[in-house]
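Thanks, everyone; I would like to walk through one structure this morning, moving from a pair of rings to the cores and then to a helix. Please keep the viewer open while I talk.

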Amino acid sequence: MTNKELQKIANEVRKGIVTAVHAAKAGHPGGSLSAADIFTYLYFEEMNIDPKDPAKADRDRFVLSKGHTAPGLYSVMAQRGYFPVEELKTLRKLGSRLQGHPSMQYLPGLDMSSGSLGQGFSVACGMALSAKLDNKDYRTYTLCGDGEIEEGQIWEAAMFAGFRKLDNLVVIVDNNGLQIDGPVDEVCSPYPIDKKFEAFNFHVINIDAHDFDAIRAAFKEARETKGQPTAIIAHSTKGKGVSFMENQVSWHGVAPNDEEYAKAMEDLEKIGAALEA
């Protein structure tokens with residue numbers, strides 16, 4: 001796909017995020033929006049997946065370690081054809097398949113029920129090791145938050161992955177600089193993130209999380225890296241695409257009201273119109 005095609009899809013993913021969280025009157029828009037381009041590239045370009053056969057044995061695996069950004073994952077899955085886009089409006093509703101955090105019990109296409117921060121990365125390591133032990137070619141991807149990597153379990157998993165040389169594993173850190181309590185470097189700084197992963201024998205790539213050329217090159221480099229897992233540090237903007245949400249920690253876990261929803265959709269419609277020009 002061309003960059004413009006990916007940008008158009010990512011913009012639709014962002015519309016789905018805002019729509020879902022608004023309908024639920026709860027959820028986490030900020031970190032979902034910051035990761036929308038990464039979600040889009042993974043589901044439309046990078047991963048070997050099939051929405052018509054979501055449990056196929058040789059599929060690539062994806063673990064959303066920062067499970068609270070489920071609106072972003074659901075939105076890209078809807079765009080990819082796992083379920084109707086209209087279903088996004090059922091987010092967090094009683095009986096919905098779209099729980100507040102991803103649940104394999106309800107939604108086909110999920111590889112991990114996540115939400116307890118730090119745990120998803122460990123499960124992804126297990127999936128990658130399983131592929132190695134079974135001589136399978138599928139790859140495993142996991143997305144972590146920069147606030148999440150303050151969890152000690154993240155670094156236990158990193159130690160394991162580096163020691164086991166899991167070169168079929170890619171961890172992406174959505175480094176938007178903000179977590180629920182404020183800037184990550186003021187709450188419990190994880191910096192320098194890249195040097196920490198390097199110390200655990202990871203191949204590390206720093207990228208602009210909103211540049212599809214950079215995203216494409218990073219995943220290509222990860223595929224070509226042997227003997228080491230890869231960590232992609234994706235430098236992003238929290239709330240990306242919605243003017244009043246960008247770089248605002250207050251939008252970590254708050255739903256827009258009707259007026260804010262209209263303004264957010266107007267922002268995204270303008271982006272979409274510019275991409276059509």
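Phenylalanine 219 counts as buried, because its relative accessibility is 0%, and I should say at once that this value, like every other one today, comes from a predicted model. Its partner is tyrosine 41, with which phenylalanine 219 forms an aromatic pair that is stacked, at 5.7 Å centre to centre and with 10° between the planes. Tyrosine 41 lies in helix 3, residues 36-46, whereas phenylalanine 219 lies in helix 9, residues 212-224, so the pair ties together parts that are 178 residues apart in sequence. Tyrosine 41 counts as buried too, because its relative accessibility is 6%, where the cut-off for buried is under 20%.

That pair is one of 10 aromatic pairs that the structure holds. Elsewhere in the list of ring contacts, Phe121, Trp155, Phe197, Phe200 and Phe202 form one aromatic cluster.

Let me turn to the cores. Which residues have the most contacts inside the largest nonpolar core? They are Tyr43 and Phe62, in a core that has 58 residues, and helix 1 gives the most to this core, with 9 residues. Apart from it lies another core, of 24 residues, which includes Cys125, Cys144, Ile154 and Val204. Coming back to tyrosine 43, and leaving aside residues up to four places away in sequence, we find that this residue touches Ile49, Phe62, Leu73, Val76, Met77, Arg80 and Tyr82.

The last element I want to show is helix 10, which covers residues 258-276, has 19 residues and reaches 27 Å from its first C-alpha to its last, close to the 27 Å expected at 1.5 Å a residue. Its buried residues are Tyr261, Ala264, Met265, Asp267, Leu268, Gly272 and Leu275. Why do we say that these buried residues line one face of the helix? Seen down the axis of helix 10, they fall within an arc of 155°, and therefore they line one face. As a reminder, an α-helix has 3.6 residues a turn, so residues three or four places apart point the same way.

What the buried residues of helix 10 pack against is helix 1, residues 3-24, and helix 1 is also the element that gives the most to the largest core. On the other side of helix 10, Glu259, Lys270 and Ala274 are exposed. Finally, at the start of helix 10, a side-chain oxygen of asparagine 257 comes to within 3.1 Å of the backbone nitrogen of glutamate 259.

How values were computed. Residues numbered from 1 in each chain as written. Predicted model: local features only at pLDDT ≥ 70, side-chain atom pairs only at ≥ 80, totals over all residues. Heavy atoms only, no water. Helix = DSSP H or I, 4+ residues; strand = E, 2+ residues; numbered from the N terminus. Expected span 1.5 Å × (residues − 1). Buried < 20%, exposed > 50% of the residue type's maximum accessible area, 1.4 Å probe, protein only. Arc of directions from axis to C-beta. Contact = heavy atoms within 4.5 Å. Polar contact = N/O pair within 3.5 Å; in protein donor to acceptor, adjacent residues only side chain to side chain. Core = buried A, V, L, I, M, F, W, Y, C linked by side-chain atoms within 4.5 Å. Phe/Tyr/Trp six-rings, centres within 6.5 Å; stacked < 30°, edge-to-face > 60°.
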